[in-house]
Amino acid sequence: MKNNIASRNRTAKIGQSVMFGSTLFALVALVALLLNVVNRSFGNVIVRREMEASAFSPTPLDQLSRDDLAALVKRIADSDDYEGLTRGAYRRMDLEKPFAERSKDDIIGIINERLIKEEVVTSFTMWQTVFDQAGMNAELAKLNKSLKVGSPEGRIEFRSWINSRFFTQTMGSVAENSGIRVAILGSLAVIALTMLLALPIGIGAAIYLEEYAVKSRLNDLIQTNITNLAGVPSIIYGMLGLFVFVRALESFTSGAMFGITDSNGRTVLSAGLTMSLLVLPIIIINAQEAIRAVPNSLRQASYGIGATKWETIRDHIMPAALPGIMTGTILAMSRAMGETAPMVVIGASTFIVSDPTGPFSKFTTLPIQIYTWTAQPDEQFRNIAAAAILVLLVTLLSLNMIAILLRNRFSK
Amino acid sequence: MQPQKQNSKPKEQKMLAEKASIFYGSFRAVADVTLPVYERQITAIIGPSGCGKSTLLRAFNRMNDLVQGARVDGKVLLDGEDIYGAEVDAVAVRRRVGMVFQRPNPFPKSIYDNVAYGVRLGNSRISKPELDSIVEQSLRGAALWDEVKDKLKSSGTALSGGQQQRLCIARAIAVQPDVLLMDEPCSALDPIATIKIEELMQTLKERYTIMIVTHNMQQASRASDYTVMMMMRADRAGEMIEFDETKRIFTNPRDKRTEDYVSGRFG
């Protein structure tokens with residue numbers, strides 16, 4: 001055979017299949033990850049209840065209005081029929097926070113906790129729910145047999161661990177009553193602060209390095225350093241944040257300087273500052289690449305009709321580089337959203353029930369919340385951890401989607 | 001080297017390079033050029049690749065300043081004033097000496113904004129009617145008005161190559177410069193677009209002093225009044241070997257190398 005064409009073609013075929021295999025592997029891994037998360041986020045559970053809601057309310061509780069629920073609780077307390085919700089207990093709770101001000105989810109929570117006393121005994125995965133009816137029934141039978149006579153029996157119900165209460169509740173000691181409201185608000189607050197700090201500084205640095213800095217030893221050194229900083233493990237940024245922002249600058253980051261006294265340095269502000277240091281190299285490098293990709297002919301055209309350097313940057317380079325800078329921002333935002341290690345180090349709260357109200361609040365973030373829940377012994381916490389992961393993924397996707405839409409609009 | 005004044009009347013010198021040498025770092029790209037540029041005439045720069053034609057052209061509006069380490073020794077005068085003088089701003093020079101580049105490079109903006117951009121920079125409070133009329137005059141001046149008057153709001157980059165280049169010319173003349181530098185303006189265009197630009201140059205020269213770098217011998221002989229012949233020396237610096245009226249360069253050059261080059265024997 002001339003030129004070994006057959007064997008060369010064979011090599012090419014092998015190369016092609018190897019690369020196809022790599023793609024396939026990545027795809028399978030991704031699908032497996034998603035399936036695993038979804039598998040735990042939905043599924044049947046065995047629940048036991050002291051009583052059913054139908055015992056005191058003909059309509060299901062979540063179909064009642066807030067005021068109806070408040071009236072229902074009052075009626076139950078006044079009747080004094082139920083041990084869990086006596087007149088005295090009602091008065092105490094009303095003093096804590098008047099029922100007129102409590103939210104619907106809050107009141108349902110009270111009814112669940114005091115009257116229905118729902119307890120999830122076992123939770124099954126999506127897979128078991130769909131394919132293992134016999135196994136679930138066996139589990140239920142075993143449970144019911146082991147119960148004392150007179151205590152409520154378990155029953156199998158389907159449960160989506162992502163539900164409206166999951167978004168509106170704060171953390172709790174029981175998985176079914178725990179939610180991610182504080183974590184989502186915390187994550188959003190930290191991201192907003194991070195972007196507010198890192199974007200202007202990052203883009204400014206990129207413009208300086210690309211358009212103003214002359215080629216010199218010093219500037220080469222700066223450039224190399226920025227590139228390397230992008231690869232520094234995030235926990236090291238966490239240490240930096242702990243020493244500089246949480247400890248050394250505590251009077252600033254805790255808000256003591258501004259007259260806030262009930263806080264320490266472990267605040268949204270410290271987290272935002274640390275996170276902006278972490279994403280700064282990513283933003284700078286991507287913005288630099290975007291600026292470098294602006295064709296030189298555009299610069300020449302601008303200078304050629306007598307525009308100054310600043311006018312050239314403002315009117316031509318920035319608009320042309322904006323889509324690329326947006327891409328960098330997307331990457332940085334995703335990174336900041338998912339970063340856990342530095343948050344652990346600077347001391348995000350692992351148990352917190354109050355929403356962040358400003359830069360000087362204590363906070364937690366979604367990844368921290370997930371991490372905390374996966375470390376709990378109770379099996380149901382794994383279910384809400386999976387649900388929280390799903391929420392984190394969807395939040396990331398929607399943030400990226402918004403950024404991509406913005407980018408496409410600007411690149412027109 | 002002065003051109004031999006035969007029957008033509010003496011011309012005003014608009015610009016003058018005096019012993020100008022251009023360096024990139026320690027490398028001398030162009031050596032000791034002394035070259036008068038006559039007002040409202042077209043001066044063509046010809047020569048083989050790499051001989052520093054474009055570099056020389058860019059020295060006339062300080063575009064070389066944008067290259068790090070570039071520097072000019074000697075003088076380049078514009079109306080008798082050295083444009084490399086200590087108190088002269090490169091931006092001011094470029095407002096008076098406009099430039100058209102090898103590849104058409106309109107801004108990714110509307111046709112209107114392409115032309116209006118430079119005008120707005122100099123006068124941000126210009127009234128809309130005034131700006132409209134400058135845009136129209138500039139586009140008419142670049143022989144483009146009739147083709148684009150109905151789509152001034154559409155993007156400049158959507159035009160054909162020849163139209164884009166005329167848009168760039170309109171953009172350059174909108175700021176009312178004295179001199180227009182053209183760096184191989186037709187090298188990316190087809191022959192028909194090329195002829196249009198050449199015809200346009202003949203109209204433009206009634207108001208502007210034009211310098212053009214070209215690789216096209218016919219273009220230089222057809223379109224220019226004066227021609228500069230450049231060659232690369234042994235040390236790779238470009239030097240000017242002959243400057244004269246175009247007619248003479250192409251019919252009876254003094255230098256043997258010019259004769260060889262324009263007759264196509266090398267280069």
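A residue is buried under 20% relative accessible area, exposed over 50%, and partly exposed in between. Keep these cut-offs at hand. The model is predicted.

**Exercise 1. Classify B:Arg40**

Task: Locate B:Arg40 in chain B. Is B:Arg40 buried, exposed or partly exposed?

Solution:
- Step 1. Find the place. B:Arg40 sits in the loop between strand E2 (27-38) and strand E3 (42-46) of chain B.
- Step 2. Check the backbone. The phi of B:Arg40 is positive, about 55°, although the residue is not a glycine.
- Step 3. Read the relative accessible area. For B:Arg40 it is 43%.
- Step 4. Apply the cut-offs. Partly exposed lies between 20% and 50%. B:Arg40 is therefore partly exposed at 43%.

**Exercise 2. Find a second positive phi**

Task: In which segment of chain A does A:Asn4 lie?

Solution:
- Step 1. Look at the angle. A:Asn4 has a positive phi of about 55° and is not a glycine.
- Step 2. Look at what follows. A:Asn4 belongs to the segment before helix H1 (5-41) of chain A.

**Exercise 3. Follow A:Ser41**

Task: Is A:Ser41 buried or exposed, and which residues does A:Ser41 touch?

Solution:
- Step 1. Place the residue. A:Ser41 is in helix H1 of chain A.
- Step 2. Apply the cut-off. Buried means under 20%. A:Ser41 has 0% relative accessibility, so A:Ser41 counts as buried.
- Step 3. List the contacts. Leave out residues up to four places away in sequence. A:Ser41 then touches A:Arg159, A:Ser160, A:Trp161, A:Ile162, A:Asn383, A:Ala386, A:Ala387 and A:Leu390.
- Step 4. Take one distance. A:Ala70 is 29 residues from A:Ser41 along the chain, and their C-alpha atoms are 31 Å apart.

**Exercise 4. Divide chain A**

Task: Into which domains is chain A divided? How many residues of domain 1 are in contact with domain 2?

Solution:
- Step 1. Read the bounds. They are domain 1 (2-42), domain 2 (44-162) and domain 3 (181-411).
- Step 2. Take the centres. Those of domain 1 and domain 2 of chain A, over C-alpha atoms, lie 49 Å apart.
- Step 3. Count the contacts. Five residues of domain 1 of chain A meet nine residues of domain 2 of chain A.

**Exercise 5. Judge the spread of chain A**

Task: Is chain A compact or spread out?

Solution:
- Step 1. Count the elements. Chain A has 17 helices and three strands.
- Step 2. Use the globule rule. It gives 22 Å for 412 residues, and the radius of gyration of chain A is 28 Å, well over that value. Chain A is therefore more spread out than a compact globule.
- Step 3. Add the box. The C-alpha atoms of chain A fill roughly 90 × 80 × 40 Å along the principal axes.
- Step 4. Check burial and surface. Of the 412 residues, 43% are buried. Chain A exposes about 21900 Å², with 62% supplied by carbon and sulfur atoms.
- Step 5. Locate the charges. The mean positions of the 39 positive and 34 negative charges of chain A are 10 Å apart.

**Exercise 6. Repeat for chain B**

Task: Is chain B compact or spread out?

Solution:
- Step 1. Count the elements. Chain B has 10 helices and 10 strands.
- Step 2. Use the globule rule. The radius of gyration of chain B is 18 Å, close to the 18 Å given for 267 residues, so chain B is as compact as a globular protein of that length.
- Step 3. Add the spans. They are about 55 × 40 × 35 Å for the C-alpha trace of chain B.
- Step 4. Check burial and surface. In chain B, 56% of the 267 residues count as buried. Chain B exposes about 11800 Å², and carbon and sulfur atoms supply 47% of it.
- Step 5. Locate the charges. The 38 positive and 34 negative charges of chain B have mean positions 2 Å apart.

How values were computed: Residues numbered from 1 in each chain as written. Chains lettered and ligands numbered in written order. Predicted model: local features only at pLDDT ≥ 70, side-chain atom pairs only at ≥ 80, totals over all residues. Heavy atoms only, no water. Helix = DSSP H or I, 4+ residues; strand = E, 2+ residues; numbered from the N terminus. Rg over C-alpha atoms; globule rule 2.2 N^0.38 Å. Buried < 20%, exposed > 50% of the residue type's maximum accessible area, 1.4 Å probe, protein only. Areas by Shrake-Rupley, 256 points an atom, 1.4 Å probe, with all protein chains shown as cover. Lys, Arg positive; Asp, Glu negative; His and termini not counted. Charge placed at Lys NZ, Arg CZ, Asp CG, Glu CD. Domains from an automatic or database assignment. Contact = heavy atoms within 4.5 Å.
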